[in-house]
Structures are given as structure tokens and as C-alpha cells.
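Thanks for coming, everyone. I'll keep this brief. Let me put the structure up, and then we'll walk through it.

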Amino acid sequence: MVALCRKVMPILVVIAAVVVLALASDDPGNDIREPDDVIPTQQQISQVHGLIDSDKDGKINLVEIMNFSDTIALATARQYCAEVLESLETESVTLERLKKDVSKMVVSSDGNALPEEEVQHRFLLADSNNDGKLDLEEMVPLFFPESNPAMLSRVAHVLLTSKDQNGDGKLTADEFLSGDGLGDQDDFAKLDRDGSGTLDAEELESLEVERNYVQEAMQDLIILADKDADGHITSAELDAKYEEISRSRAAQDFVAWADYLDPSQESDEL
Ligand SMILES: [Ca+2]
Ligand SMILES: [Ca+2]
Ligand SMILES: [Ca+2]
Ligand SMILES: [Ca+2]
């Protein structure tokens with residue numbers, strides 16, 4: 001997953017607070033930190049634990065964690081769009097304005113600026129009330145495609161086209177791995193849900209869904225911390241594994257969540 005996680009993030013890279021993925025590893029115990037990573041403090045982890053625990057029973061499970069993650073991801077994307085609109089001193093953007101001032105922030109899966117034609121295509125998909133302008137809510141899918149099925153499908157389609165050397169609308173493992181590959185052989189096998197030996201656009205969509213990476217990190221976290229294996233993690237269980245957690249992918253999510261909830265609080269610099 002290493003190359004893959006990094007590759008699928010660019011659309012959201014602009015949303016600094018949402019950059020939650022560190023280098024992936026199947027072993028949550030591996031040190032995956034990079035020099036510019038910050039780690040959450042024990043206090044931050046404990047505070048976030050309390051907020052994730054929606055039924056207030058003192059422990060959190062995957063459902064509670066992902067509900068929390070979904071809420072913050074959407075709120076962060078909205079906040080980012082609000083800041084973009086505020087910086088442009090407007091409440092909505094036309095296609096012209098989008099091309100001129102915003103499109104450089106909307107990048108393709110490979111991190112490059114989108115061609116003008118593609119910007120127009122996405123504008124039309126995003127303009128759900130067809131009034132020729134994007135308001136805050138309509139802008140969100142531009143930066144957070146997984147919030148809108150049509151946008152997600154478009155992004156996956158563009159990604160597929162960029163790698164589909166023989167133009168048959170599917171990616172073989174060779175096409176998937178070629179050049180600046182989208183992942184490794186294991187990633188390919190995982191994405192090929194119907195086992196057809198090729199990926200179609202729908203199968204590629206999960207590459208673009210940031211939620212999938214968060215969920216994977218949180219599943220690893222539960223395996224790591226859930227000492228009594230009841231599927232729930234208490235704050236004490238998190239405390240007991242603090243050192244390992246701070247080196248795991250999940251640490252970056254906790255940092256992003258803590259920063260979102262309390263931007264004034266600094267995380268520990270490495
Ligand atoms: Ca709970
Ligand atoms: Ca509109
Ligand atoms: Ca192909
Ligand atoms: Ca397939």
C-alpha cells in the first residue's frame with residue numbers, strides 16, 4: 001500500500017488538516033514515521049477517544065471511530081471550501097472563476113493540474129442545481145470526491161484512462177503497475193473484487209476513497225490495542241500501547257483529528 005496511499009491523496013493534499021496517511025505497513029508495529037510527521041500526545045489521544053465514544057460507555061469500536069472520521073472529514077472539506085470562497089471574497093464561483101482562481105488547487109490523482117476540459121466537466125458535475133455557480137456545498141466534491149458518487153466515478157474514470165495503455169477500458173496488472181504505478185501486486189489483487197484479472201473504473205474507485213485508508217489504519221489500531229479482544233478499545237488500552245500507536249498510521253489520523261478539534265493545541269514535534 002505504500003506507493004498507493006501517497007498517490008491517491010493529492011486531491012486532498014491541499015486540505016492540510018486532513019492529510020492523515022503516513023506510509024503504510026501491514027505491521028502496525030513498524031516505525032512508519034517520516035521526519036516531518038508529528039505524533040499525538042497521550043492527552044490528545046485520550047481526548048479524541050472521549051469524543052469518538054458516542055454512546056459514552058468508555059470504549060470505542062470501529063463503527064464509532066468511522067462515524068467520527070466521516071464527520072470530521074466532511075467538516076474539514078467544508079471548512080476548506082469556506083476558506084477558499086472567503087479568500088476569493090465571494091459566496092459562489094462561476095466556471096470562469098473556477099478556472100482562473102481555483103482549478104490549480106484541484107489536481108488529478110497524479111498530482112498534476114487538471115486540463116481545462118476536465119475542470120469544466122467537474123464543474124458541471126458539481127453544479128447540482130445547474131445555476132452556473134458553485135456554492136460552498138457544491139464545491140466540496142471537487143476536493144473530496146468521495147462525498148459525491150458521480151464525482152468519485154469521474155475521478156476513477158480519469159485515473160483509469162491515464163493508465164489504460166490499450167484503451168480497452170480496463171487495467172491489467174501490467175497497466176496498473178506500469179510507470180509511476182498505482183500500487184503493488186497485492187493492491188491490484190485487493191482492488192480486483194470480482195477476480196477478473198482486470199480492474200474496471202468502479203473497482204478503481206476505492207483507490208480514491210480516503211475513508212478506506214482511515215478504516216484500514218483503524219482496523220490495525222484495534223488489533224494493536226484491543227488487549228481483551230472485545231472489539232472495543234478503552235482509553236487505558238490506548239495508553240498501554242502509546243509508543244506503538246505513535247508510530248502507526250493511526251497516529252496521523254489522531255493528530256489530524258486533534259488539530260481539527262483544537263487548532264490551538266500543538267502536537268509533539270518529532
Ligand atoms: Ca462506545
Ligand atoms: Ca450551483
Ligand atoms: Ca487496458
Ligand atoms: Ca475486476
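Start with aspartate 127. It counts as buried, because its relative accessibility is 4% and the cut-off for buried is under 20%. Keep in mind that this is a predicted model.

So what does aspartate 127 bind? It helps to coordinate the calcium ion (ligand 2). The other donors there are Asn129 through OD1, Asp131 through OD, Lys133 through O, and Glu138, which is listed twice through OE. The distances run from 2.2 to 2.5 Å. Along the chain, the spacing of these donor residues reads D-x1-N-x1-D-x1-K-x4-E.

Now look at asparagine 129. It has a relative accessible area of 46%, so asparagine 129 is partly exposed.

What is the arrangement around this ion? It is irregular, because the six donor atoms subtend angles of 55 to 156°. Six donors count as octahedral only if opposite donors are over 155 degrees apart and all others lie between 65 and 115. An angle of 55° at the calcium ion (ligand 2) does not fit that range.

Next, the calcium ion (ligand 1). Its protein donors are Asp53, Asp55 and Asp57 through OD, Lys59 through O, and Glu64, again listed twice through OE. They lie 2.1 to 2.5 Å from the ion. The spacing here is D-x1-D-x1-D-x1-K-x4-E. This site is irregular too, with angles of 52 to 156° among its six donor atoms.

How accessible are two of those donors? Aspartate 55 has a relative accessible area of 48%, so it is partly exposed. Aspartate 57, at 36%, is also partly exposed.

Between those two sits lysine 56. Where is it placed? It is in the loop between helix H3 (42-52) and strand E2 (59-60). Lysine 56 is exposed, because its relative accessible area is 58%. Its phi is positive, about 50°, and it is not a glycine. Most residues other than glycine have a negative phi.

Glutamate 89 goes the same way: phi is near 50°, positive in a residue other than glycine. This one is in the loop between helix H4 (62-87) and strand E3 (92-94). At 74% relative accessibility, glutamate 89 counts as exposed.

On to the annotation. Which residues does the UniProt record mark as "domain: EF-hand"? The unreviewed entry covers 114-149 and 213-248. Residues 114-149 are 56% helix and 8% strand, with the end C-alpha atoms 19 Å apart. For residues 213-248, the figures are 67% helix and 6% strand, and the ends lie 13 Å apart by C-alpha.

Aspartate 226 is worth a stop. It lies in the loop between helix H12 (210-225) and strand E7 (233-234). It is buried, yet it has no salt bridge. Which side chain of opposite charge is nearest? Lysine 59, at 9.0 Å. Beyond its neighbours within four places in sequence, aspartate 226 contacts Gly231, His232 and Glu237.

Last one: leucine 171, in strand E5 (residues 171-172). Buried or exposed? Leucine 171 is buried, because its relative accessible area is 0%. Outside its neighbours within four places in sequence, its contacts include Leu160, Phe176, Leu182, Phe188, Leu199 and Leu204. Lys163 and Asp164 are also among them. Leucine 171 and aspartate 192 are 21 residues apart in sequence, and their C-alpha atoms are 9.9 Å apart in space.

That's my tour. Over to you.

Definitions and conventions
Residues numbered from 1 in each chain as written. Chains lettered and ligands numbered in written order. Predicted model: local features only at pLDDT ≥ 70, side-chain atom pairs only at ≥ 80, totals over all residues. Heavy atoms only, no water. Donors = N, O, S within 2.8 Å, 3.2 Å for Na, K, Ca; no water. Tetrahedral: all angles 85-135°; square planar, octahedral: opposite > 155°, others 65-115°. Buried < 20%, exposed > 50% of the residue type's maximum accessible area, 1.4 Å probe, protein only. UniProt positions renumbered as here; feature names shortened; annotations may be inferred. Helix = DSSP H or I, 4+ residues; strand = E, 2+ residues; numbered from the N terminus. Lys, Arg positive; Asp, Glu negative; His and termini not counted. Salt bridge = Lys/Arg side-chain N within 4 Å of Asp/Glu carboxyl O. Contact = heavy atoms within 4.5 Å.
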